[in-house]
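Student: I would like a close look at a single part of this structure, the space inside. Please begin there, work outward through what surrounds it, and give the cut-off for each term.

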Amino acid sequence: MAVSTAAFNEGRVPQRGRPRDASRDDALRQAALEVMAEVGYRALTMDAVAARARAGKATIYRRWESKLDLVIDTCTQLATQNLAAPDTGSLAGDLREFLSSFAAFLSGPIGKAAQALVGELPHEPELAAAFRETFLISQRDVLRGILDRAAERGELRADAPRGMAVEIAGAALIYRLMLTGDPLDEPFVEKVVEQVLLPLVRVS
């Protein structure tokens, strides 16, 4: 039975037989990330994921219909687990906490898989669309929430370009990850917050 990506995103995946083992799902997602980091999205195969996870291919296909479904579900889970919204009580504090956690997330084992995935987006329209609707929207929603709460506290200028701030915050980290190779460390995050984002949106 075919299970669409939309069904995964909406939580409508039918259950078959015994309840699924969540820890097994996580192991399969981790295997997919490791293989993708090594060979890229195009060369990723269910056979390679099964071999890395020491699982039968049928085990994977009971959970995900295709590698697209597997990769997008993995991105969705990663966003849920790693892009939590901070609420420190200040704009500066929230931006530092979120961008620091996002930088650590990208700098870890997931970083290489993220580079492999993002590099394929211009060539894989279906993957690009699904990636935007899951991982990218999650990241943007957290940043928009940070700015909305700051506005409610009176920390934002009335004409603050919120959309631009959201774009710049994510782009600064991805630029380093994908192009320069410089570290996504705390000094860099501090510069992005203090020298770029706060002057752009905060009340003087």
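**The enclosed space and its surroundings**

Tutor: Helix α9 contributes the most residues to the lining of the largest cavity, three in number. Helices here are DSSP runs (H or I, at least four residues; strands are E, at least two), numbered from the N terminus. The model is predicted, so local features need pLDDT of at least 70 and side-chain atom pairs pLDDT 80 or more, while totals for chains, interfaces and linings use all residues. Residue numbers start from 1 along each chain as its sequence is written, and side-chain values use heavy atoms, without hydrogens or water.

A cavity is a set of points on a 1 Å grid over the protein atoms alone where a 1.4 Å probe fits but cannot get out; a pocket is an open set with protein on both sides within 12 Å along at least five of seven lines, and lining residues have an atom within 4 Å of a point. Points are joined across faces, edges and corners, and volume is the space filled by probe spheres set on them.

By this rule there is one cavity of 30 Å³ or more. The largest cavity holds about 40 Å³ of space. Its lining consists of Leu 95, Leu 143, Leu 147, Ala 165, Val 166, Ala 169 and Leu 197. Two elements, α8 and α9, give two or more residues to this lining. By class, the lining has seven nonpolar residues, no polar and no charged (nonpolar: Ala, Val, Leu, Ile, Met, Phe, Trp, Tyr, Cys and Pro; charged: Asp, Glu, Lys and Arg; polar: the others, Gly among them).

Val 166, one of the residues that line the cavity, also leads to a residue of α8. Gln 139 has its place in helix α8, and it counts as buried at 5% relative accessibility (buried is under 20% relative accessible area, exposed over 50%, partly exposed in between, with a 1.4 Å probe and protein chains only). Apart from neighbours within four places in sequence, Gln 139 is in contact with Leu 83, Phe 98, Phe 102, Val 166 and Gly 170 (contact: heavy atoms within 4.5 Å). Helix α8 also holds Ala 130, which is buried with a relative accessible area of 8%. The C-alpha atoms of Ala 130 and Leu 68 are 8.7 Å apart in space, although the two residues are 62 apart in sequence.

From the cavity we can turn to the open space. The largest pocket contains about 410 Å³. It is lined by 24 residues, and those closest to its centre are Val 118, Phe 131, Phe 135, Leu 136 and Ile 174. Two or more lining residues come from each of α2 (22-39), α5 (67-82), α6 (91-107), α7 (110-120), α8 (125-152) and α9 (162-180). Helix α8 gives the most, six residues. This lining divides into 19 nonpolar, two polar and three charged residues.

Among the helices that line the pocket, α2 and α5 also carry salt-bridge partners. Salt bridges number 17 in the whole structure (a side-chain nitrogen of Lys or Arg within 4 Å of a carboxyl oxygen of Asp or Glu). In one of them, Asp 25 pairs with Arg 63, with the closest N and O atoms 2.4 Å apart. Asp 25 belongs to helix α2 and Arg 63 to the loop between α4 (57-61) and α5, so this pair ties together parts 38 residues apart in sequence. Both partners are buried: Asp 25 at 6% relative accessibility and Arg 63 at 9%.

Another salt bridge joins the side chains of Arg 29 and Asp 73, at 3.0 Å from N to O. Here helix α2 supplies Arg 29 and helix α5 supplies Asp 73, and the two are 44 residues apart. Arg 29 is buried, with a relative accessible area of 10%, and Asp 73 is buried at 9%. The buried residues of α5 are Leu 68, Asp 69, Leu 70, Val 71, Ile 72, Asp 73, Thr 74, Cys 75, Leu 78 and Ala 79. Leu 68, whose spacing from Ala 130 was given above, is thus among the buried residues of α5.

A further bridge connects Arg 52 and Glu 34, with the closest N and O atoms 3.3 Å apart. Since Arg 52 lies in helix α3 (residues 46-53) and Glu 34 in helix α2, the pair ties together parts 18 residues apart in sequence. Arg 52 is partly exposed at 35% relative accessibility, and Glu 34 is partly exposed at 31%. Finally, Asp 26, Arg 29 and Asp 73 are joined into one network by salt bridges that share partners.
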